[in-house]
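Let's take a walk through this structure together. Have a look at the picture first, and then we'll go through it piece by piece.

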Amino acid sequence: MKHQFKDGTLYFYFYGELDNLTVCNLKQICIDLIDQYQPKTVKLDFEEVSFVDSTGIGFVLARYKQLQKYHGELIICNLSKVNHRIFEMSGIFQLMKEERNGVKL
């Protein structure tokens with residue numbers, strides 16, 4: 001994972017699989033960065049993510065909840081068709097927006 005903070009937005013760029021093992025390794029890092037920057041917006045970029053399981057969905061929901069204390073917005077970016085379907089079935093788009101290549105969907 002890489003991250004970048006620019007103009008009040010914290011970007012997280014994930015790659016590979018977002019499963020139990022990956023989430024365990026990334027969770028505290030993401031928590032700390034959100035608490036450090038207290039961003040108005042967090043964008044989670046999934047362009048290079050090949051697989052997301054229920055742990056990955058839970059991770060995203062937990063970051064959404066964490067961001068609420070800063071009155072921030074969480075945006076999911078660049079999902080593949082397969083990952084989009086998984087997120088869609090979870091109902092997550094009722095809580096947060098989706099973006100593809102910088103365009104809100």
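What follows starts with the sheet, moves on to the helices and ends in the core. Keep in mind that this is a predicted model.

Let's begin with the sheet. It is an open one, built from six strands in the order 1-2-3-4-5-6, and its pairing is mixed. At the edges you'll find strand 1 (2–6) and strand 6 (103–104); each has a single partner strand, so one side of each is left without a neighbour in the sheet. Further in, strand 2 and strand 3 run in the parallel sense and pair over nine bridges. Want one bridge to look for? Gly16 has Val49 in strand 3 as its bridge partner.

Now for the helices. Helix 1 packs on the sheet, where it touches strand 1, strand 2 and strand 3, and its direction makes about 180° with that of strand 2. Helix 2 lies across strand 2, strand 3 and strand 4, at about 150° to strand 4.

How do the two helices sit relative to each other? The axes of helix 1 (residues 20–37) and helix 2 (residues 54–68) come within 10 Å and cross at roughly 10°. That angle is under 35 degrees, so the two helices count as roughly parallel to each other. On the helix 1 side, the residues that meet helix 2 include Val23, Ile31 and Ile34, while Phe59 and Leu67 are among those on the helix 2 side. The residues of this contact divide into six nonpolar, four polar and three charged.

Finally, the core. The largest nonpolar core has 25 residues, and Phe14, Phe46 and Val60 have the most contacts inside it. Strand 2 (9–18), helix 1, strand 3 (41–52), helix 2 and strand 4 (73–77) each give two or more residues to this core. Take Val60: its contacts include Leu44, Phe46, Leu74 and Ile76, along with Phe87.

Methods. Residues numbered from 1 in each chain as written. Predicted model: local features only at pLDDT ≥ 70, side-chain atom pairs only at ≥ 80, totals over all residues. Heavy atoms only, no water. Axes fitted to C-alpha atoms, helices over the stretch in contact; angles between N-to-C directions. Helix = DSSP H or I, 4+ residues; strand = E, 2+ residues; numbered from the N terminus. Parallel < 35°, antiparallel > 145°, perpendicular 65-115°, else oblique. Contact = heavy atoms within 4.5 Å. Nonpolar A, V, L, I, M, F, W, Y, C, P; charged D, E, K, R; others polar. Core = buried A, V, L, I, M, F, W, Y, C linked by side-chain atoms within 4.5 Å. Buried < 20%, exposed > 50% of the residue type's maximum accessible area, 1.4 Å probe, protein only. Pairing = 2+ DSSP bridges. Lists of a residue's contacts leave out its neighbours within four places in sequence.
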